[in-house]
Amino acid sequence: PARDLAIDKDFYDVRGRTDPDADLTLNGRPLYSGGSGEFTERIYLAKGVNKLEFEVKNRYGKTTVVTRYIVVR
């Protein structure tokens with residue numbers, strides 16, 4: 001997500017784009033990005049606050065971390 005959210009569903013479809021050669025993880029679990037670098041993943045959420053930590057490591061070893069929170073009401 002582009003920013004933190006509050007939703008009523010117990011799942012969220014994460015979509016995005018990264019460098020096709022980068023390694024991407026969500027909460028430590030690898031995500032597959034196709035040849036174009038686009039990725040889609042349905043994540044199931046618990047009631048309350050859910051932390052999503054995206055980590056991208058490019059081919060040169062530079063790491064970028066983005067954290068988002070989704071609150072399930």
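**Long-range contacts in a chain of seven strands**

Among the contacts of the protein chain with a separation of 6 or more, 52% join residues that are 24 or more positions apart. The structure shown is a predicted model. Its secondary structure consists of seven strands and zero helices, so that the order along the sequence reads β-β-β-β-β-β-β.

The overall dimensions may be considered next. The C-alpha trace spans about 40 × 20 × 20 Å along its principal axes. The chain has 73 residues, of which 29% count as buried. It exposes about 5100 Å², and carbon and sulfur atoms supply 48% of that area. The chain carries 13 positive and 11 negative charges, and the mean positions of these two sets are 4 Å apart.

Three residues illustrate the different degrees of burial, beginning with Thr18. This threonine is found in the loop that connects β2, residues 11-17, with β3, residues 23-26. Thr18 counts as buried because its relative accessibility is 15%, and buried means under 20%. Leaving aside residues up to four places away in sequence, Thr18 touches Leu24, Ser33, Ser36, Gly37, Phe39 and Val56. The loop position of Thr18 is thus accompanied by a buried state.

Asp13 belongs to strand β2, the strand that precedes the loop holding Thr18. With a relative accessibility of 25%, Asp13 counts as partly exposed, because this value falls between the limit of 20% for buried residues and that of 50% for exposed ones. When residues up to four places away in sequence are not counted, Asp13 touches Glu41 and Arg42. A further relation concerns Ile43: the C-alpha atoms of Asp13 and Ile43 are 6.3 Å apart in space, although the two residues are separated by 30 residues in sequence.

Val49 provides the exposed case. This valine is located in strand β6, which comprises residues 48-57. Val49 counts as exposed because its relative accessibility is 61%, and the class of exposed residues begins over 50%. Together with Tyr69 and Val71, Val49 forms a nonpolar patch on the surface. The accessible area of Val49, Tyr69 and Val71 together is about 250 Å².

Taken in turn, the three residues cover the three classes of accessibility: Thr18 is buried, Asp13 is partly exposed and Val49 is exposed.

Technical notes:
Residues numbered from 1 in each chain as written. Predicted model: local features only at pLDDT ≥ 70, side-chain atom pairs only at ≥ 80, totals over all residues. Heavy atoms only, no water. Patch = residues over 30% accessible without salt bridge, like charges linked within 9 Å, V, L, I, M, F, W, Y side chains within 5 Å. Areas by Shrake-Rupley, 256 points an atom, 1.4 Å probe, with all protein chains shown as cover. Salt bridge = Lys/Arg side-chain N within 4 Å of Asp/Glu carboxyl O. Helix = DSSP H or I, 4+ residues; strand = E, 2+ residues; numbered from the N terminus. Buried < 20%, exposed > 50% of the residue type's maximum accessible area, 1.4 Å probe, protein only. Contact = heavy atoms within 4.5 Å. Lys, Arg positive; Asp, Glu negative; His and termini not counted. Charge placed at Lys NZ, Arg CZ, Asp CG, Glu CD.
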